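Here is a short report on one protein model. Look at the structure first, then read on.

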Amino acid sequence: MMRRKRSTSRVLLVDEEDRLLLLCGRDPRRPGARWWFTVGGGIEPGESPIQAAVRETWEETALRIAGDRLGPLAWTRQTLFSVDGRFYDQHEEYRLARVTADEVRSMNVETEEARYGHRWWTVPELAVTVETVRPKGMATLLPGLLTAAGADTGRAPLHLGDFDEDADPE
């Protein structure tokens with residue numbers, strides 16, 4: 001099985017009520033396989049992670065945000081997974097971006113990535129959901145990031161770990 005190496009830039013889009021926007025994905029080859037994930041996607045050749053985050057946010061939400069609105073690199077994660085018969089070895093970078101109520105109202109989340117739905121999640125909802133949310137532990141990770149979001153702490157990003165989501169889908 002050949003795994004495609006991929007680097008991604010992910011955006012933790014958080015509104016004024018500290019709710020996180022997640023998109024819903026499914027695998028058409030595995031009935032019932034469903035998960036929630038952040039905005040963002042692959043970094044294209046010649047593109048920086050910030051440029052990818054800005055482009056992906058536009059493609060997935062129709063929201064134009066400037067790169068300087070993205071927080072510093074908060075988390076990284078390495079994951080192996082498969083979807084629709086394709087296998088990936090993916091490096092992920094996560095940055096926070098706060099959005100206003102007006103920006104939320106202007107969003108249009110009608111893209112291929114969100115064809116199974118999207119939702120704004122509170123931390124308490126993330127803490128009790130039985131749904132699969134990626135990355136794991138979002139309800140534990142997000143509060144610390146939200147309280148530190150206003151300050152540039154200068155800390156190194158937190159590496160969330162290396163995962164094989166096919167072996168451990170929850």
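## Arg77 and its partners

The side chains of Arg77 and Glu92 are joined by a polar contact of 2.6 Å. A polar contact is a pair of N or O atoms within 3.5 Å; within protein, one must be able to donate a hydrogen and the other to accept it, and residues adjacent in sequence count only if both atoms are side-chain atoms. The model is a predicted one, where local features need pLDDT of at least 70, side-chain atom pairs count only at pLDDT 80 or more, and totals for chains, interfaces and linings use all residues. Residues are numbered from 1 along each chain as its sequence is written, and side-chain values use heavy atoms, with hydrogens and water left out.

Arg77 also pairs with Glu165, through a side-chain polar contact of 2.7 Å. Arg77 sits in strand β5. Strands (E, at least two residues) and helices (H or I, at least four residues) are DSSP runs, numbered from the N terminus.

Is Arg77 buried or exposed? Arg77 is buried, because its relative accessible area is 3%. Buried means under 20% relative accessible area, exposed over 50%, and partly exposed in between (1.4 Å probe, protein chains only).

Contact means heavy atoms within 4.5 Å. Leaving aside neighbours within four places in sequence, Arg77 is in contact with residues including Gln90, His91, Tyr94, Arg134, Pro135 and Phe163. The C-alpha atoms of Arg77 and Leu12 are 14 Å apart, with their places 65 residues apart along the chain.

## The whole protein

Four helices and eight strands make up the list of elements. Along the sequence they follow the pattern β-β-β-β-α-β-β-α-β-α-α-β.

The C-alpha trace spans about 45 × 30 × 30 Å along its principal axes. The protein has a radius of gyration of 15 Å, which agrees with the value near 15 Å for a compact globule of 170 residues. This radius is taken over C-alpha atoms, and the globule rule is 2.2 Å times the number of residues to the power 0.38.

Of the 170 residues, 45% are buried. Among contacts with a separation of 6 or more, 69% are between residues 24 or more positions apart.

## The largest pocket

The largest pocket has a volume of about 910 Å³. On a 1 Å grid over the protein atoms alone, a pocket is an open set of points with protein on both sides within 12 Å along at least five of seven lines, whereas a cavity is a set of points where a 1.4 Å probe fits but cannot get out; lining residues have an atom within 4 Å of a point. Grid points are joined across faces, edges and corners, and a volume is the space filled by probe spheres set on the points.

Which residues lie nearest the centre of the largest pocket? They are Gly25, Trp35, Phe37, Phe81 and Val83, from a lining of 40 residues. Elements that give two or more residues to this lining include β1 (3-14), α1 (49-61) and β5 (75-83).

By class, the lining has 11 nonpolar, 10 polar and 19 charged residues. Ala, Val, Leu, Ile, Met, Phe, Trp, Tyr, Cys and Pro count as nonpolar, Asp, Glu, Lys and Arg as charged, and the others, Gly among them, as polar.

## Other buried residues

Three more buried residues are set side by side here.

| Residue | Place | Relative accessible area |
|---|---|---|
| Ser82 | strand β5 | 12% |
| Thr38 | loop between β3 and β4 | 0% |
| Ala114 | loop between α2 (101-106) and β7 (118-121) | 7% |

The side chain of Ser82 makes a polar contact of 2.9 Å with that of Asp166. Beyond its neighbours within four places in sequence, Ser82 is in contact with Asp27, Arg30, Phe87 and Asp166. With the same neighbours left aside, the contacts of Thr38 include Arg10, Leu22, Tyr94 and Met138. Ala114 is in contact with Leu23 and Val109, again leaving aside neighbours within four places.

## Backbone points

The peptide bond from Arg134 to Pro135 is cis, with omega near 5°. Pro135 lies in the loop between α3 (123-128) and α4 (138-148).

Asp18 has a positive phi, near 60°, and is not a glycine. Asp18 is in the loop between β1 and β2. It is partly exposed, at 31%. Ala62, also not a glycine, has a positive phi of about 65°.
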